[in-house]
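Got your viewer open? Here's a short walk through the model, one selection at a time.

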Amino acid sequence: MSQHPPQQQPENSKLPVAQTEEDYSGVFESDMFQVDENYFRKPRPARIEVFNIEQSDFEVKVRLLGDHILWGNYLWNASKCLSQHFYENQHLIKDKTVVELGAAGGLPSLTCGKLGAKKVVITDIGHEDLIDNLKKNVELNFGENCTHVEVRPHAWGEKLEETFGVGEKKETFDVIILSDLLFNHICHHQLLDSCEYLSHPNTIIYVSYTHHRPWLIKEDLKLFKLAKERNFSVEHYFDKKYPPMFENDPGDVEERSTVHVQIMRPRHISLN
């Protein structure tokens, strides 16, 4: 989950998140000059979390940044959900070419690299710390001489020809992964620009997400409306429950505990 920071209310925040003009009522009723207790704390160190599959020896090590404005410091439920699904359905990935957009820690694409994908490209916006951390994750899981998994900086919709080639050298992918990216409403068009450029007629785009701000569900789902307008098919795939990422956040707990997965394909190709 990356590219741009969501307007999500942090745990234990004392001010509500304002999304519309009406929402601003009461925002400044608290002491606006009060300094948050965490303001002067030292940055948290990076840490390694291990994703594993129960009753198996399969695991992926994910180094997460201690703090990051683009939320690259969390192992998101949506990424765990897709990774487990790929493990349980390895034929979806084996011998496929895979690209992940807005990868943050890169769990789903790292998982694909371990499940027999022919080629995996992990991307996120070109912040040096994010890209360096993704490269560390590749080395952590595949060693220094890995050739089938690579990291590239990519801001959605930008420098597509420079990053992925043009003409006969243009890269397209069998699988595109969008994990917990819907929150970034202002970049839906750019995200679809990248999806279009990187797709061939049989590409499958896996979109996993949670409505972390349930009051903005309609805005989240506009991605799929735009996708249909741009000649993608969109089909519900499955849902899965997890503990909410931020237990004390506002909004319906049931919704904040649900990972939704949808599939998109270019040109309305049948899923059968």
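## Start at a glycine

Select Gly-157 to begin: at a relative accessible area of 29%, this glycine is partly exposed. Keep in mind as you click around that the model is predicted. Gly-157 sits in the loop between S5 and helix H4 (160-164). Which residues does Gly-157 touch, once those up to four places away in sequence are set aside? Light up Gln-190, Asp-193 and Ser-194. Draw a C-alpha to C-alpha distance to Gln-190 and you should get 4.5 Å, although Gly-157 and Gln-190 are 33 residues apart in sequence.

## Back into S5

Now pick Arg-152, which belongs to strand S5 (residues 149-153). Buried or exposed? Arg-152 counts as buried, because its relative accessibility is 13% and the cut-off for buried is under 20%. Show side chains here: that of Arg-152 makes a polar contact with the side chain of Glu-171, at 2.6 Å. Leaving out neighbours within four places in sequence, Arg-152 is also in contact with a set of residues that includes Lys-119, Val-121, Ile-131 and Phe-164.

## Zoom out to the sheet

Switch to cartoon and follow the strands across. You're looking at an open sheet of 7 strands with mixed pairing, in the order S5-S4-S3-S6-S7-S9-S8. S5 and strand S8 (232-241) stand at the edges; each has a single partner strand, so one side of each has no neighbour in the sheet. From one strand to the next, the twist averages 20°.

Go to the S8 edge next. There, S8 pairs with strand S9 (residues 258-266) in the antiparallel sense, over 9 bridges. For one example, select Ser-233 and look into S9 for its bridge partner, Arg-265.

## Helices on the sheet

Bring up helix H2 (residues 107-114), which packs on the sheet. H2 touches strand S3 (97-101), strand S4 (119-124), S5 and strand S6 (173-179), and its direction makes about 170° with that of S4. Then add helix H6 (residues 217-229): this one lies across strand S7 (199-209), S8 and S9, and runs at about 155° to S8.

Helix H1 (residues 77-88) is the next stop. H1 has 12 residues and spans 17 Å from first C-alpha to last, close to the 16 Å expected at 1.5 Å a residue. Colour by accessibility and you'll find buried positions in H1, among them Asn-77, Ala-78, Leu-82 and Phe-86. What do the buried residues of H1 pack against? Strand S1 (47-52), H2, S6, S7, S8 and S9.

## A cysteine check

Stay in H1 and click Cys-81, another of its buried residues. Its relative accessibility is 1%, so Cys-81 counts as buried. Jump over to Cys-187, which counts as buried too, because its relative accessibility is 8%. How many disulfides are there? With sulfur atoms required to be within 2.5 Å, the count comes to 0.

## Last stop: H3

Finish with Glu-139, in helix H3 (residues 128-142). Glu-139 counts as partly exposed, because its relative accessibility is 41%. Measure across to Glu-150: the two are 11 residues apart in sequence, and their C-alpha atoms are 9.8 Å apart in space.

Methods:
Residues are numbered from 1 along each chain as its sequence is written. This is a predicted model: local features need pLDDT of at least 70, side-chain atom pairs count only at pLDDT 80 or more; totals for chains, interfaces and linings use all residues. Side-chain values use heavy atoms; hydrogens and water are left out. Helices (H or I, at least four residues) and strands (E, at least two) are DSSP runs, numbered from the N terminus. Buried means under 20% relative accessible area, exposed over 50%, partly exposed in between (1.4 Å probe, protein chains only). A polar contact is a pair of N or O atoms within 3.5 Å; within protein, one must be able to donate a hydrogen and the other to accept it, and residues adjacent in sequence count only if both atoms are side-chain atoms. Contact means heavy atoms within 4.5 Å. Two strands pair if DSSP finds at least two bridges between them. Axes are lines fitted to C-alpha atoms, for helices over the stretch in contact, and angles run from 0 to 180 degrees between N-to-C directions. The expected span of a helix is 1.5 Å times one less than its number of residues.
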